[in-house]
Amino acid sequence: MGAYAPAAGVSARGCLDAAGPWTISRALRPPLPPLCFFLLLLLAAPGARAGGYETCPAVQPNMLNVHLVPHTHDDVGWLKTVDQYFYGIKNDIQHAGVQYILDSVISALLADPTRRFIYVEIAFFSRWWHQQTNAMREVVRDLVRQGRLEFANGGWVMNDEAATHYGAIVDQMTLGLRFLEDTFGSDGRPRVAWHIDPFGHSREQASLFAQMGFDGFFFGRLDYQDKRVRMQKLEMEQVWRASASLKPPTADLFTGVLPNGYNPPMNLCWDVLCVDQPVVEDPRSPEYNAKELVDYFLNVATAQGRHYRTNHIVMTMGSDFQYENANMWFKNLDKLIRLVNAQQQAKGSSVHVLYSTPACYLWELNKANLTWSVKHDDFFPYADGPHQFWTGYFSSRPALKRYERLSYNFLQVCNQLEALVGLAANVGPYGSGDSAPLNKAMAVLQHHDAVSGTSRQHVADDYARQLAAGWGSCEFQVIVYNPLGRKANWMVRLPVSEGVFVVKDPNGRTVPSDVVIYPSSDSQAHPPELLFSASLPALGFSTYSVAQVPRWKPQARAPQPIPRRSWSPALTIENEHIRATFDPDTGLLMEIMNMNQRLLLPVRQTFFWYNASVGDNESDQASGAYIFRPNQQKPLPVSRWAQIRLVKTPLVQEVHQNFSAWCSQVVRLYPGQRHLELEWSVGPIPVGDTWGKEVISRFDTPLETKGRFYTDSNGREILERRRDYRPTWKLNQTEPVAGNYYPVNTRIYITDGKMQLTVLTDRSQGGSSLRDGSLELMVHRRLLKDDERGVSEPLMENGSGAWVRGRHLVLLDTAQAAAAGHRLLAEQEVLAPQVVLAPGGGAAYNLGAPPRTQFSGLRRELPPSVHLLTLASWGPEMLLLRLEHQFAVGEDSGRNLSAPVTLNLRDLFSTFTITRLQETTLVANQLREAASRLKWTTNTGGALVRGPTPHQTPYQLDPANITLEPMEIRTFLASVQWKEVDG
């Protein structure tokens with residue numbers, strides 16, 4: 001997606017030209033030379049060398065070296081679907097065909113041994129690779145070995161950084177990097193992370209990149225105010241210290257801001273999609289422009305060099321879906337390089353131009369041996385102008401965001417079952433299947449125009465189709481499966497017809513159950529639900545039987561309407577831990593009490609909506625899929641009161657609130673539950689009044705929060721946010737609402753230092769605290785105007801995404817103890833138990849043994865501070881295992897939860913024995929003992945050392961002694977021997 005702001009000199013598609021935006025051209029491509037000709041050229045090229053920094057080109061030490069990086073940015077879905085982009089279909093929407101780009105680039109590289117190119121999106125490259133002949137594959141392997149075709153980033157996609165969960169990020173990066181490792185070995189391993197298009201950058205993303213072994217990170221989009229300050233201070237490149245818990249340099253990452261986003265300098269684009277003039281060096285031609293272009297280039301290079309600290313600068317030569325005719329680009333770049341470098345002899349120019357790559361540029365920065373400043377915060381929110389805050393996509397397409405989060409949950413269940421059972425997990429009485437299709441679909445969903453909600457509607461539909469296809473090939477006959485490493489109690493809710501049901505546990509004992517009937521007006525949308533509590537072993541399942549029994553009068557519980565009377569007593573729901581009180585006059589939540597801690601907090605919660613701007617006198621910027629811009633600071637209430645109904649049974653207490661025909665909520669408490677559950681339903685949002693609406697759930701309290709609130713970073717570490725403030729520059733706040741919105745992946749909280757109110761989400765949303773004691777989350781958006789960032793259609797959500805249901809989980813606790821609650825609850829929300837229904841007496845998986853009604857994959861539970869992040873098949877008799885310490889430094893909560901923890905993995909699992917354990921980098925593409933990273937000196941003292949920290953891993957790991965430090969993730973490849981599993 002190339003929606004750079006026109007104010008920065010770039011069109012909505014990100015392309016530059018002196019006269020205006022680039023236009024699509026269907027110029028004829030020159031014929032490509034035959035493959036045998038290129039094979040001869042390859043043999044004549046310099047000898048094949050190992051990939052890495054040693055293949056980098058020579059530079060001139062006393063000159064300004066301009067590293068030209070030819071590249072293409074290929075969105076894995078945006079205006080067209082993934083398949084439409086790959087095959088070049090529907091070019092009337094956007095001219096783009098990735099298969100032709102790769103064909104053309106390989107041919108152009110073979111034509112000249114000095115040329116270089118980088119590629120990023122492995123979802124496309126792997127598809128192209130599987131269509132190539134063995135001869136062509138060897139040609140490509142040689143180009144990679146010589147460093148002339150370099151992979152940057154190497155994930156399946158270039159993932160979003162706001163709406164993505166860290167577990168899904170790790171999974172998609174692992175998928176792409178494993179393909180490169182299997183296909184090219186260490187020659188294909190990317191040294192540089194490359195996020196040129198995501199719309200803001202999270203601290204956790206940098207931490208993950210560092211733990212994956214990357215030496216550096218380059219990105220394109222930076223807040224316009226931040227960029228201005230950094231250019232003045234020469235801080236376009238620095239070291240990002242991306243964790244407050246992990247010991248430096250574990251999460252330290254050299255980070256650079258690219259000068260032109262990811263586009264070439266103005267007037268220097270030579271693609272069929274551009275309109276800039278080619279280099280004409282024949283002085284007899286009336287179109288001769290070589291001298292003018294060389295002088296212009298020298299001026300551009302000199303000006304850019306003033307904002308960077310070394311005698312090396314980088315220019316990205318390419319953009320969205322470019323190089324379909326690579327010869328056009330390379331022919332002009334060849335001329336530019338030759339002409340500019342000739343000026344060194346003729347006129348004493350001090351500028352040297354060369355084909356290069358991000359890794360080779362980074363290598364030169366490293367050799368400069370400078371001391372670099374350190375960054376501790378993140379790069380959210382991103383704005384490309386005074387009224388253009390890219391905070392809308394934090395909440396866009398909430399249904400797709402929820403589907404993605406549910407699919408992550410289900411993928412982990414599939415992975416675990418495959419790992420616990422081995423190959424037998426992939427074949428059963430209902431057919432065969434595995435997790436691979438869902439793994440790839442989930443990886444695609446991490447793309448920065450997928451889970452972000454910023455694609456066109458038909459593309460969003462195709463993303464959902466891919467997820468559905470992935471689910472279909474990964475079905476298991478499991479009733480209630482718990483993917484957590486600890487036992488769990490889970491309230492199962494099943495839609496049923498009215499009647500009486502008997503529920504029995506795995507041992508055949510009857511368990512308490514209830515049927516709750518929703519208001520008759522909602523009978524189609526809300527059928528009756530059967531409730532019962534399931535007790536689930538760690539990493540295992542329990543099977544419950546449900547039978548309907550005849551009775552003369554069904555004993556179902558229907559919500560009782562509560563009349564609005566000013567003299568009515570306050571309405572409460574409560575269990576042994578929490579009491580929630582509602583205002584009888586308005587029907588709104590008014591108070592929460594933590595009865596264990598004797599904490600009482602007035603909390604008023606209701607729904608509001610911002611009227612979406614369509615442009616005004618200050619700016620014509622409208623709210624859209626990317627941009628959030630309300631037309632006024634104060635939101636409007638959906639309703640000032642709610643019609644309420646009450647349900648109280650031994651298994652649940654609920655208050656049903658109806659705010660309008662399109663907005664309702666159920667506030668719920670189960671026995672033993674330490675949080676309040678708010679299940680909201682919004683949509684279809686009415687727009688018949690021609691007003692686009694952005695709906696929020698807001699919590700107002702008297703807490704004195706001093707302008708501060710806290711949000712998670714991709715579901716892991718917590719960052720402090722301050723209203724109208726940025727840690728590294730003085731903010732000129734031009735949008736008081738949108739400019740204070742941040743991505744909320746799993747939780748947001750406010751605190752006065754004594755009491756803390758935390759709200760957990762079931763999907764990524766935008767959130768903020770716009771006044772002290774207040775907290776809000778955006779739950780849905782429906783907009784009538786496009787925000788002119790390239791999508792070219794308004795965010796209307798007319799299909800299945802028009803009506804959305806979701807949950808907010810509310811915790812009230814002391815500030816000191818709150819982390820234990822929100823860390824463990826967030827873990828359970830992301831990896832909730834999976835309920836799968838199968839007919840009673842269905843086919844058995846193992847005909848030689850009775851079916852098992854209960855099973856645990858662990859011999860003992862994991863301690864609360866340890867999260868089993870990954871358990872997945874890696875190959876024959878090999879598993880991928882990731883263990884994570886899920887508490888940060890300072891989050892002990894009075895239970896020592898931030899202390900290091902040591903595990904014995906030797907006999908931890910019940911279905912297999914670990915025979916050999918090898919520790920790797922986070923994405924399992926390098927052994928940890930052999931991995932090394934570049935060394936950087938920082939102005940905080942010390943240097944980034946080579947090799948892994950904090951552990952110096954021995955060659956022989958002791959599975960009985962694995963220690964995790966706070967916030968540490970350790971990754972292992974485990975050779976295993978499976979035991980026979982009955983049933």
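In this predicted model, Met 967 counts as buried, because its relative accessibility is 1%, whereas the limit for a buried residue is under 20%. The residue sits in the loop between β48 (962-964) and β49 (969-978). Its backbone also deserves a look: phi of Met 967 is near 70°, a positive value in a residue other than glycine. Most residues other than glycine have a negative phi.

Thr 690 makes a helpful companion to this case. Here, too, phi is positive in a residue other than glycine, with a value near 65°. Thr 690 is nevertheless exposed, because its relative accessible area is 57% and the exposed class begins over 50%. The loop that holds Thr 690 runs between β31 and β32.

That loop between β31 (676-682) and β32 (693-700) also contains Pro 684. The peptide bond joining Gly 683 and Pro 684 is cis, with omega about -10°. A further cis bond leads from Phe 380 to Pro 381, where omega is near -15°. Pro 381 belongs to the loop between β11 (374-375) and α12 (398-421). As a point of reference, most peptide bonds are trans.

Attention now turns to the cysteines. The structure holds two disulfides. One of them joins Cys 56 to Cys 360, with an S to S distance of 2.2 Å. The dihedral about this S-S bond is -90°, and the link of Cys 56 and Cys 360 is left-handed. Distant parts of the chain are brought together by this pair, as Cys 56 lies in the loop between α1 (35-44) and β1 (64-70), while Cys 360 lies in helix α11 (residues 358-367), 304 residues apart. Both Cys 56 and Cys 360 are buried.

The other disulfide is formed by Cys 269 and Cys 274, with sulfur atoms 1.9 Å apart. Cys 269 is classed as buried because its relative accessibility is 1%. Cys 274 is buried as well, because its relative accessible area is 9%. Cys 663 likewise counts as buried, because its relative accessibility is 1%.

Among the strands, β19 (residues 529-536) offers a clear case of enclosure. Six of its eight residues are buried, so β19 is largely enclosed by the rest of the structure. Strand β15 (residues 488-495) runs antiparallel to β19 and is joined to it by eight bridges. Within this pairing, Arg 493 has Leu 531 of β19 as its bridge partner. Strand β18 (residues 513-516) is also antiparallel to β19, with four bridges between them. Val 515 stands opposite Leu 530 in β19.

The nonpolar interior completes the picture. The largest nonpolar core has 197 residues, and those touching the most other members are Leu 68, Phe 125, Val 140, Phe 297, Tyr 323 and Leu 676. Helix α6 (residues 166-184) supplies the largest share of this core, 10 residues. Apart from this core lies another of 31 residues, among them Val 901, Leu 908, Phe 912 and Leu 964.

Val 140 gives a residue-level view of the packing. When neighbours within four places in sequence are left aside, Val 140 is in contact with Ile 106, Phe 125, Trp 128, Trp 129, Leu 149 and Phe 184. One of these partners, Phe 125, is itself listed with Val 140 among the residues of the largest core that touch the most other members.

Conventions:
Residues are numbered from 1 along each chain as its sequence is written. This is a predicted model: local features need pLDDT of at least 70, side-chain atom pairs count only at pLDDT 80 or more; totals for chains, interfaces and linings use all residues. Side-chain values use heavy atoms; hydrogens and water are left out. A nonpolar core is a set of buried Ala, Val, Leu, Ile, Met, Phe, Trp, Tyr and Cys residues joined through side-chain atoms within 4.5 Å. Buried means under 20% relative accessible area, exposed over 50%, partly exposed in between (1.4 Å probe, protein chains only). Helices (H or I, at least four residues) and strands (E, at least two) are DSSP runs, numbered from the N terminus. Contact means heavy atoms within 4.5 Å. A disulfide is a pair of cysteine sulfur atoms within 2.5 Å. Two strands pair if DSSP finds at least two bridges between them.
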